[in-house]
Amino acid sequence: MNFSTERQFALDCDTDDSLAHIRQKFSIPEREDGSSVIYFSGNSLGLSPKSASDFVFKEMDSWAAKGVLGHNRWRPFHENLTESTARLVGSKSDEVVVMNALTVNLHLLMVSFYSPTKSRYKIVIEKGAFPSDRYAVESQIIFHGFDPETSIVEIGPRKNEHTIRHEDIKSYLEEEGESVALIMFGGVNYYTGQVFDIKSITQLAHGAGAVVGYDLAHGVGNIPLELHHWDVDFAAWCSYKYLCGGPGCPGGIFVHEKYKNFQGNRFAGWWGQNKETRFLMEPEFTPITGAEGWQISNPPVFSMASLMASMEIIDLAGMHAMREKSERLTGYLEFLLAEFTPEVEILTPGNASERGCQLSISIPENGREIFNALRASGYIVDWREPQVIRVAPKPLYNTFAEVWDFADKLKSLM
Ligand SMILES: *Cc1c(COP(=O)(O)O)cnc(C)c1O
């Protein structure tokens, strides 16, 4: 890609940006002087669509006006999100459902898909996985009566490297695959921003006779996904990061069609019960076929309403166009950092196909002070110990001019 260090170049890119109009649909937080902050933390909490409050108040008003008589609308409320979610993750509509929070869903899916035996009991995860995932994996292993010490396998970067080599995942599975029950990887690592080759890892896992699931917290809405075609067994994600659903908004799950009539372990609840017979209130559990059968409780309507607002916008923008802009926007950030602050080390892979929108930059000396100074001047990035600043320009609402201003600000602070 051809870039230039002139600020005018960034302004020209914004003029040519076919997604530029999408930014107007979001509320951008302001500095004290009324100017917009530069918000690069959409990988942590996505910004609020302006339409979200209308979506939420519509349901609040129905509740006020109708009480329980509004229930016909709320009972299948999660279904409002199914089609757009399926498009985003590349699945059939009965392979996905929006429900619960992410870690809760990882537990529910491990209950069904982690069935350790004496000879096949290990769970392979990426080293440096998000702590919640590790806690979940460890507690599942203990729950099944196995020892985390010998049952968790972490594949990490080699010495003096920051990201994980695909060949190392491959050789582990080829050599030790017989003892692996489950591979549970991120789609995109939250710390380094590295994208894993989901399609290839899935093939390797299946070749080893193991089940494979993904935590797509940083994948969904960030990189294109084809979960059905890639033959992924299961996946889960949250919706408050890249999907802009709002704090605490329910996440989603994918369960491949081949488990449509799943008969294994499952923690059941009435929302997973066949819809035809659910309200007969009978004791026998006959699950809905497909992903909806994993539901336990009735849907949190207000949070889902706000997610409906953002999914409408994401659908309008389209993942293909988002990804195209994202590669350019993050490529531009990488270019400017190399030009303006060559002393800063970027941990994220340099190859666009191995990263999403985030760059993780490592500042060993006075990183914390620089981070504080950025925050104080309205540059919303985040800090991860011991020395990393995560910067995530998002194609939905960030501009090339913001990227230029950030790189220029960082240069002045270094
Ligand atoms: C954000 C994130 C979580 C958060 O889990 P919740 O259950 O939604 O609180 C878990 N795992 C990963 C990889 C994340 O990025």
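In this predicted model, seven strands line up as an open sheet. Reading across the sheet, the order is E2-E8-E7-E6-E5-E3-E4, and the pairing is mixed. For readers new to sheets, it helps to recall that strands pair through backbone hydrogen bonds, either parallel or antiparallel. Strand E2 (96–98) and strand E4 (152–155) stand at the edges, and each has a single partner strand, so one side of each is left without a neighbour in the sheet. From one strand to the next, the twist averages 15°.

A closer look at one pair shows how such strands are joined. Strand E3 (residues 122–126) and strand E5 (residues 180–186) run parallel and are linked by three bridges. One residue to find here is Lys-122, whose bridge partner in E5 is Val-180. Elsewhere on the sheet, helix H4 (residues 82–89) lies across E2 and strand E7 (234–237), and its direction makes an angle of about 125° with E2.

Attention now turns to the nonpolar cores. In soluble globular proteins, nonpolar side chains tend to be buried together. The largest nonpolar core in this model holds 65 residues, and those touching the most other members are Phe-26, Ile-183, Tyr-214, Leu-225, Leu-227, Trp-237 and Leu-396. Helix H10 (residues 301–317) supplies the largest share of this core, with ten residues. Because domain 1 (7–47 + 319–413) and domain 2 (57–314) both give residues to this core, it lies between them. A second core, separate from this one, has 30 residues, among them Ile-361, Ile-370, Val-403 and Trp-404.

Terms used
Residues numbered from 1 in each chain as written. Predicted model: local features only at pLDDT ≥ 70, side-chain atom pairs only at ≥ 80, totals over all residues. Heavy atoms only, no water. Core = buried A, V, L, I, M, F, W, Y, C linked by side-chain atoms within 4.5 Å. Buried < 20%, exposed > 50% of the residue type's maximum accessible area, 1.4 Å probe, protein only. Helix = DSSP H or I, 4+ residues; strand = E, 2+ residues; numbered from the N terminus. Domains from an automatic or database assignment. Pairing = 2+ DSSP bridges. Axes fitted to C-alpha atoms, helices over the stretch in contact; angles between N-to-C directions. Contact = heavy atoms within 4.5 Å.
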